[in-house]
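Biologist: I would like a close look at one part of this model, the open sheet and what lies around it. Please take me through it slowly, in connected prose.

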Amino acid sequence: MAADVGRLTGAVAVRDLVRRFGDRVVLDHLDLTVAPGEFVALLGRSGSGKSTLLRALAGLDHDVEGGGELRVPHEVAVAFQDSRLLPWLRVLDNVVLGLSGARDRGRRALAEVGLEGRERAWPSELSGGEQQRVALARCLVREPALLLADEPFGALDALTRIKMHDLLRELCARHRPAVLLVTHDVDEAVTLADRVVVLERGRIGLDVRVELPEPRSHRDPLFQSHRDRLLHALGITEGATP
Ligand SMILES: Nc1ncnc2c1ncn2[C@@H]1O[C@H](COP(=O)(O)OP(=O)(O)OP(=O)(O)O)[C@@H](O)[C@H]1O
């Protein structure tokens, strides 16, 4: 039976979602809710189905099954590991692609991500981090109620990644979209999220609320206890890769 793929204003509601590839059940009667404005990080071992879930929420997968519901807000923006900018369009044209009368908003979004003055640059003239900033501006300008992000910082160097964490936190505090961020990086999850969920055997195996004093510090013993718990849930010890 097809899931009820509906639209609502505000939060994400997934109930009883099933996705198979042949005999393999990747999402197994999965339930997940995300409140309006809530930042949720999604962890899980490689192949656990994180991107599959994100694609289902993004409306990019029409073969999900289940007897339940799959509801997302009307305004959804998606960010991927590669910026997916069109190389033949200048930066501002990439940001406002498909929108009419949005050039001023596009300029403001570029300023918000620190790229004022680069509107007429070609994507190839930008660094990887700058390209991801443009991708964030492209999301922002759509004023999404839900931002779906699939390892958006995965290809960036460590320093740029930290800067992007600060930027994303700032943008989310200002615009308050609900966020579902897929990441392999436990520290990234604990640094950014209000809640961290771990995908295990096709379902949410662990669901942890992160309550830490701001700004969050990796040296905070509470930060470390969250990290240890999540690493344990991922079945890895410090120093290993999930
Ligand atoms: N189109 C497809 N056809 C067949 N199998 C698929 C397809 N897409 C995903 N899968 C399988 O579903 C499982 C989950 O894939 P998915 O990409 O969602 O995992 P993931 O948790 O995002 O992994 P990673 O962390 O490595 O990116 C994998 O075993 C993958 O091989």
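Which residue in E8 is the bridge partner of Val40?

Modeller: This is a predicted model, and in it the bridge partner of Val40 in E8 is Leu180. That pair belongs to the contact between strand E4, residues 39-44, and strand E8, residues 178-182, which run parallel and are joined by four bridges. As general background, strands of a sheet pair through backbone hydrogen bonds, either parallel or antiparallel.

Stepping back from this pair, E4 and E8 belong to an open sheet of six strands, whose order is E6-E7-E8-E4-E9-E10 and whose pairing is mixed. At the edges stand strand E6 (76-79) and strand E10 (203-209), and because each has a single partner strand, one side of each is left without a neighbour in the sheet. On average, neighbouring strands of this sheet are turned by 20° against each other, when direction is ignored.

Helix H7 packs on this sheet, where it touches E4, strand E9 (195-200) and E10, and the direction of H7 makes about 175° with that of E10. The length of H7 can be checked as well: its 13 residues, 221-233, should span 18 Å at 1.5 Å a residue, and this agrees with its end C-alpha atoms, which are 18 Å apart. Just after H7 comes Gly235, which takes a positive phi of about 75°.

Two loops that adjoin strands of this sheet deserve attention for their backbone geometry. In the loop between E10 and H7 one finds Pro215, and the peptide bond that leads from Glu214 to Pro215 is cis, with omega near -10°. The other loop, between strand E7 (146-150) and helix H5 (158-175), holds Glu151, a residue that is not a glycine and yet has a positive phi of about 45°. For comparison, most residues other than glycine have a negative phi, and most peptide bonds are trans.

The ligand can be placed in the same picture. Its surroundings include Gly44, and strand E4 covers residues 39-44. Also around the ligand are Phe21, Val26, Ser46, Gly47, Ser48, Gly49, Lys50, Ser51 and Thr52. By class, this shell has two nonpolar, seven polar and one charged residues, and helix H1, residues 50-57, gives the most to it, with three residues.

Phe21 and Val26 in that shell lead to another set of paired strands, since strand E2 covers residues 12-21 and strand E3 residues 24-34, the two running antiparallel with eight bridges between them. Within this pairing Val18 has Asp28 as its bridge partner in E3. The hairpin of E2 and E3 has two residues between the strands, and there Gly22 takes a positive phi near 60°. E2 also pairs with strand E5, residues 69-72, in the antiparallel sense over three bridges, with Ala13 standing opposite Arg71 in E5.

Finally, an unreviewed UniProt entry places the feature "domain: ABC transporter" at residues 12-226. Over that range the chain is 31% helix and 27% strand, and the end C-alpha atoms are 24 Å apart.

Key: Residues numbered from 1 in each chain as written. Predicted model: local features only at pLDDT ≥ 70, side-chain atom pairs only at ≥ 80, totals over all residues. Near = placed C-beta within 6 Å. Nonpolar A, V, L, I, M, F, W, Y, C, P; charged D, E, K, R; others polar. UniProt positions renumbered as here; feature names shortened; annotations may be inferred. Expected span 1.5 Å × (residues − 1). Pairing = 2+ DSSP bridges. Axes fitted to C-alpha atoms, helices over the stretch in contact; angles between N-to-C directions. Contact = placed C-beta atoms within 7 Å.
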